[in-house]
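Colleague: I am new to this structure and would like a close look at a single part of it. Could you take one helix and walk me through how it sits in the rest of the model?

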Amino acid sequence: GRPVRLVSDPLESDRDVYNRLLRYVYFEDGTTLNERLVYDGFAFAYERFPTEKLERLKELERDAREHQRGLW
């Protein structure tokens with residue numbers, strides 16, 4: 001029920017091999033859905049493809065693991 005902003009990653013193509021649109025979902029506070037999921041321990045920093053936010057996501061994953069949040 002809140003507005004979000006969709007932003008493409010300059011290091012990624014617009015679509016994946018299944019033709020799905022690739023976008024970051026930004027919340028009003030400036031965080032992304034990806035960051036929240038990783039921080040809460042319900043996702044990991046997928047390193048197979050380079051992205052603009054990979055280093056930030058890796059930091060959040062380390063923190064989630066250290067603090068045993070979510071599935072860690």
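Modeller: In helix H2 of this predicted model, the residues Leu54, Leu57, Lys58, Leu60, Glu61 and Ala64 are buried. They lie on the same side of H2, because the arc they cover around the axis is only 165°. What these buried residues of H2 pack against is helix H1, residues 33-39.

The helix itself runs over residues 54-66, which makes 13 residues, and from its first C-alpha to its last it reaches 18 Å, close to the 18 Å expected at 1.5 Å a residue. Just after H2 comes Gln68, which takes a positive phi of about 50°.

On the facing helix, one residue deserves a look of its own, namely Glu35, whose place is in H1. Glu35 counts as buried because its relative accessibility is 13%, which falls under the cut-off of 20%. Leaving aside residues up to four places away in sequence, Glu35 touches Gly30, Lys53, Arg56, Leu57 and Leu60. Leu57 and Leu60, both among these contacts, are also among the buried residues of H2.

As for how far the coordinates can be trusted, the protein averages a pLDDT of 94, and 100% of the residues score at least 70. Confidence is highest in H2, at a mean of 97, and lowest in strand E2, residues 24-26, at 95.

How values were computed: Residues numbered from 1 in each chain as written. Predicted model: local features only at pLDDT ≥ 70, side-chain atom pairs only at ≥ 80, totals over all residues. Heavy atoms only, no water. Helix = DSSP H or I, 4+ residues; strand = E, 2+ residues; numbered from the N terminus. Expected span 1.5 Å × (residues − 1). Buried < 20%, exposed > 50% of the residue type's maximum accessible area, 1.4 Å probe, protein only. Arc of directions from axis to C-beta. Contact = heavy atoms within 4.5 Å. pLDDT = per-residue confidence, 0-100.
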